[in-house]
Amino acid sequence: MKSLQNYTIVIRPDDNGTFVAYTPAIPGCHAWGQTPDEARTELVYVFEMIQEEYQEQGLMMPEDVKLVVANAS
């Protein structure tokens with residue numbers, strides 16, 4: 001069974017001074033918090049709920065995606 005450690009996680013500041021954490025490979029797997037650590041902790045709970053839904057539906061968790069970070073220039 002996959003764990004959140006098998007996935008790339010992105011944590012970025014949000015417009016309102018909070019932080020958003022998300023897993024690009026898993027639709028809907030995102031959370032926010034007042035700090036990066038809080039957002040990551042919340043993401044763990046969201047991941048666990050999504051993983052349970054996948055198991056109940058007999059689905060395999062998606063494979064991780066490779067991110068490319070680049071400047072637009």
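Student: In what sense do β2 and strand β3 (residues 30-33) pair, and over how many bridges?

Tutor: β2 and β3 pair in the antiparallel sense over four bridges, and since DSSP has to find at least two bridges between two strands before they count as paired, the four bridges between β2 and β3 satisfy that requirement. The model is predicted, with local features needing pLDDT of at least 70 and side-chain atom pairs pLDDT 80 or more, while totals for chains, interfaces and linings use all residues. Residues are numbered from 1 along each chain as its sequence is written, and side-chain values use heavy atoms, with hydrogens and water left out.

Student: What makes β1 and β2 a pair, and which residue of β2 stands opposite P13?

Tutor: β1 (10-13) and β2 (19-22) are strands in the sense of DSSP runs (E, at least two residues, whereas helices are H or I runs of at least four, with numbering from the N terminus), and they pair in the antiparallel sense over four bridges. P13 stands opposite F19, and F19 in turn has G33 as its bridge partner in β3. In the hairpin of β1 and β2, with five residues between the strands, G17 takes a positive phi near 90°.

Student: Why is T18 called buried?

Tutor: T18 has a relative accessibility of 7%, and buried means under 20% relative accessible area, against over 50% for exposed and in between for partly exposed (1.4 Å probe, protein chains only), so T18 counts as buried. T18 is found in the loop between β1 and β2, and, leaving aside residues up to four places away in sequence, T18 touches R12, P13, W32, G33 and Q34, where contact means heavy atoms within 4.5 Å.

Student: What makes the meeting of the side chains of T18 and N16 a polar contact?

Tutor: The side chains of T18 and N16 are joined at 2.6 Å, and a polar contact is a pair of N or O atoms within 3.5 Å (within protein, one must be able to donate a hydrogen and the other to accept it, and residues adjacent in sequence count only if both atoms are side-chain atoms). The 2.6 Å between T18 and N16 is therefore a polar contact.

Student: How do you know that K2 and E63 form a salt bridge?

Tutor: The N to O distance between the side chains of K2 and E63 is 3.0 Å, and a salt bridge asks for a side-chain nitrogen of Lys or Arg within 4 Å of a carboxyl oxygen of Asp or Glu. K2 lies in the segment before β1 and E63 in the segment after α1, so the pair ties together parts that are 61 residues apart in sequence. K2, at 25% relative accessible area, is partly exposed, whereas E63, at 59%, counts as exposed.

Student: How many salt bridges are found in the whole structure, and how far apart are the closest N and O atoms of R12 and D14?

Tutor: A search of the whole structure finds two salt bridges; in the one formed by R12 with D14, the closest N and O atoms are 3.8 Å apart. R12 is partly exposed at 36% relative accessible area, and D14 counts as partly exposed at 28%.

Student: Why is Q51 called buried?

Tutor: Q51 has a relative accessible area of 11%, so Q51 is buried. Q51 lies in helix α1 and touches M1, K2 and M61, not counting residues up to four places away in sequence.

Student: Why does V69 count as exposed?

Tutor: The relative accessibility of V69 is 80%, so V69 counts as exposed, and its place is in the segment after α1 (36-56). G58 lies in the segment after α1 as well and is exposed, with a relative accessible area of 63%.
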